[in-house]
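This report covers a single protein chain, shown below. Please keep the sequence and the coordinates at hand while reading.

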Amino acid sequence: MKLKLINLHKAFGTNKILNGISLNVDQGEMICLIGASGSGKSTLLRCINLLEPVDDGEIWLDGAEIGDPALDPQPVRQKIGIVFQSYNLFPHMTAEENVMLAPRRIFKKSRDALRPQVEALFNRFGLLDRMQHYPDQLSGGQQQRVAIVRALAMNPEIMLFDEITSALDPELVGEILEVLKSLKDDGMTMVLATHEMAFARDVADRVCFLDKGRILEQGIPEQIFSNPKEERTRDFLARVLRKH
């Protein structure tokens, strides 16, 4: 499953958010998007998932152009899952019910038919004993893991993660990063916006630095973090790494 973005542009009114982004994502690759707030990371992910239409440019998935606003986005979203920093779980549903909702509607499967796969996912991420809990009975890290399980229950071929550790207490961040590492070990294709620089440096296949809606610089983590070519990249990394 290969993803290709060609010259994407997106504006909200007069505010240009994406300003000509092109990017190739290969099967099994993990790409980390870094950059200051407002650089376009979240909007880029939302455009890839077709939650936001692009104003110009092309999005290709396995040789098919999917960016046309006239296309039905649902089949694309089955292949491209997305998880946000806010868990977006329905508070009146148990963890299991939250996870089963979309596959039951989309695939027209019964609870009994879905249960083996869903239980396996809950078990994999250490949540088997939390399946019947409601969101307010779970920690932030557990809720975020349920949100990831919910996305994986659709059997996506690409996963997008939008700052999924930002709303978590520092001690809970590690458990979510371990989930991402395990998905990478499985060969899942992933694009994630993150402020976790150590994680991006240690785990990503490629790091893209976004600035003012453009990919200003991209490369392997060692190059981006140890020898960035652009002064703006150096300034950003100096500032964020000083905080850590």
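The sections below take up the annotated domain, two backbone outliers, the packing of one helix against two others, and one arginine.

## Model and annotated domain

The structure is a predicted model. The unreviewed UniProt entry assigns the feature "domain: ABC transporter" to residues 3-237. Within residues 3-237, helix accounts for 38% of the chain and strand for 26%. The C-alpha atoms at the two ends of that range are 27 Å apart.

## Helix α1 and Leu50

Helix α1 spans residues 41-48. Six of its eight residues are buried, so α1 is largely enclosed by the rest of the structure. The buried residues of α1 are Lys41, Thr43, Leu44, Leu45, Cys47 and Ile48. Lys41 thus appears in this list together with Leu44 and Leu45.

Just after α1 comes Leu50, with a positive phi of about 65 degrees. Leu50 is not a glycine, yet its phi is positive. The residue sits in the loop that joins α1 to β4, the latter covering residues 56-61. Is Leu50 buried or exposed? Leu50 counts as buried because its relative accessibility is 16%, and the cut-off for buried is under 20%.

## Lys108 between α3 and α4

A second non-glycine residue with positive phi is Lys108, at about 55 degrees. Lys108 lies in the loop between α3, residues 95-107, and α4, residues 111-124. Its relative accessibility is 69%, so Lys108 counts as exposed; the exposed class begins over 50%.

## Packing of α3 against α4

The helices on either side of that loop also contact each other. The axes of α3 and α4 come within 10 Å, with a crossing angle of roughly 125 degrees. At that angle α3 and α4 are therefore oblique to each other, and the crossing is right-handed.

On the α3 side the contact involves Ala95, Glu96, Glu97, Val99, Met100, Pro103 and Arg104. Their partners in α4 are Arg111, Leu114, Arg115, Val118 and Phe122. By class, seven residues of this contact are nonpolar, five are charged and none is polar.

## Packing of α3 against α5

Helix α3 has a further contact with α5, which covers residues 140-152. Here the axes come within 8 Å and cross at roughly 25 degrees. The two helices α3 and α5 are therefore roughly parallel, since angles under 35 degrees fall in that class. This crossing, too, is right-handed.

Ala95, Asn98 and Val99 of α3 meet Val146, Val149 and Arg150 of α5. The residues of the contact divide into four nonpolar, one polar and one charged. Ala95 and Val99 are among the α3 residues that meet α4, and both are also listed in the contact with α5.

## Arg232 in α9

Arg232 belongs to helix α9, which runs over residues 231-243. With a relative accessibility of 27%, Arg232 counts as partly exposed. The limits of that class are 20% and 50%.

Which residues does Arg232 touch, not counting residues up to four places away in sequence? They are Ala36, Phe209, Asp211, Leu216 and Arg239. For one of these, Leu216, a C-alpha separation is available: the C-alpha atoms of Arg232 and Leu216 are separated by 8.4 Å. Along the chain, Arg232 and Leu216 are 16 residues apart.

Notes
Residues numbered from 1 in each chain as written. Predicted model: local features only at pLDDT ≥ 70, side-chain atom pairs only at ≥ 80, totals over all residues. Heavy atoms only, no water. UniProt positions renumbered as here; feature names shortened; annotations may be inferred. Helix = DSSP H or I, 4+ residues; strand = E, 2+ residues; numbered from the N terminus. Buried < 20%, exposed > 50% of the residue type's maximum accessible area, 1.4 Å probe, protein only. Axes fitted to C-alpha atoms, helices over the stretch in contact; angles between N-to-C directions. Parallel < 35°, antiparallel > 145°, perpendicular 65-115°, else oblique. Left-handed = near helix turned anticlockwise from the far one by under 90°. Contact = heavy atoms within 4.5 Å. Nonpolar A, V, L, I, M, F, W, Y, C, P; charged D, E, K, R; others polar.
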